[in-house]
Amino acid sequence: MGETYSSSGVNIAAGEEAVQRIKERVRSTFRPEAIGDIGGFGGLFDFNRHGYKKPVLVSSTDGVGTKAFVASAAGRFNTIGIDLVAMCVDDLVCQGAEPLFFLDYISVQKLDPERIEQLVIGVAEGCRQAGCALIGGEMAEHPAAGTGAVSDDEPGAEPDDGFELVGFSVGVVERSRLITGANVRPGDTLIGLPSPGLRCNGYSLARRLYFEVAERGLGDPAWEGSAHSVADELLLPSVIYAPAVRDVLARVEAQAIAHVTGGGIAGNLARVLPDKVDAVVDRSSWEQPRVFAELQRIGDVSDEEMDRVFNLGLGMIVVVRDRDATKAIDTLRTGGHRATVVGEVEKGDGQVRMVGEPKQASGL
């Protein structure tokens, strides 16, 4: 028998099985605007159902970074799709947009239908939480030549476990409601939405600290006396803030919104400030999850480096007029987020100042 695609490492039958496994997961995310079905050459979305006068489409794309290596090493694939959706849709809402639809791209070295199903379970759950439709995607089997795409020094990860997970999202906002940060002024209030874990940021450093410096395994306690493991902590799913923030936007006029991802609080908040104001963030106004203190202790990481790399317990910051702060906080808390005032805006030159001592959580 001659050479086949299968002999080169690509299993078409496994791909077809994977599609059958995920069909109902995908359909479960459909909004009324989603038309067609999985399997077409493009995802279809009926935009005429929206009553926008001057709609602006907002798009975002992102991945889950090296958190994927932790998922592979732990053999847990059913929540990292939530992280993927969060990274994309929470960018959209920073400009006031309602997330409409989502597409994913999954690249694996060896296509395992069950693993694909687990990945899509997470993506579908993220889309349901965000209120957007998963209308399409792509899966690709890229067999490695020799050693595989996941390097041999990744803790616990075998070459065949390697995968890449990427997402693409589209939202819409009325042009007159577009949030740009241009109108932020002294006296405005900063409201922080808590993040219980690392989300998807800083994992290269976190993995180095846990696995190389501290020489811990995935099953070891996250810190001394902890009731959960390193894997539990590092695979904690990202919170999806978009629906709660959209509820705030229906009640008050937000001046700016910052999604705290790579670059930390200061790096992301500075992106939405005009050059005539500063944001002053009070570290003592919220509890930092225990994991950040543990990572800092393991590596003797400086405060400055922690600020640049990690979210330190805040996943989103909403800037509102001081008179609107109470209403915004009440709305966010009704949506399940322990929102609190974390700072204020002053005259300045577009900088973010972190002040005060962090309040450390005692979580076990």
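A residue counts as buried when its relative accessible area is under 20%, and as exposed when that area is over 50%. Keep this in mind as you work through the exercises on this predicted model.

**Exercise 1.** Work out whether Ser 60 is buried or exposed.

*Solution.* Start by placing the residue: Ser 60 lies in strand β3. Next, take its relative accessible area, which is 12%. The cut-off for buried is under 20%, so Ser 60 is buried.

**Exercise 2.** Find which residues Ser 60 is in contact with, leaving aside its neighbours within four places in sequence.

*Solution.* First list the contacts: Met 87, Cys 88, Asp 91, Leu 92, Gly 167, Phe 168 and Ser 169. Then look at Asp 91, because its side chain makes a polar contact with the side chain of Ser 60, at 3.5 Å.

**Exercise 3.** Now for the sheet: say which strands stand at the edges.

*Solution.* Begin with the strand order, β3-β6-β4-β5, in an open sheet of four strands with mixed pairing. β3 (55-63) and β5 (133-141) each have a single partner strand, so one side of each is left without a neighbour in the sheet. These two are the edge strands. From one strand to the next, the twist averages 15°.

**Exercise 4.** Describe how β4 is joined to β5, and which helix packs on the sheet.

*Solution.* Strand β4 (residues 98-108) runs parallel to β5, and eight bridges join them. Within this pair, Tyr 105 stands opposite Glu 138 in β5. Finally, turn to helix α4 (residues 113-130), which packs on the sheet and touches β4, β5 and β6 (163-174). The direction of α4 makes about 170° with that of β4.

Terms used:
Residues are numbered from 1 along each chain as its sequence is written. This is a predicted model: local features need pLDDT of at least 70, side-chain atom pairs count only at pLDDT 80 or more; totals for chains, interfaces and linings use all residues. Side-chain values use heavy atoms; hydrogens and water are left out. Two strands pair if DSSP finds at least two bridges between them. Axes are lines fitted to C-alpha atoms, for helices over the stretch in contact, and angles run from 0 to 180 degrees between N-to-C directions. Contact means heavy atoms within 4.5 Å. Buried means under 20% relative accessible area, exposed over 50%, partly exposed in between (1.4 Å probe, protein chains only). A polar contact is a pair of N or O atoms within 3.5 Å; within protein, one must be able to donate a hydrogen and the other to accept it, and residues adjacent in sequence count only if both atoms are side-chain atoms.
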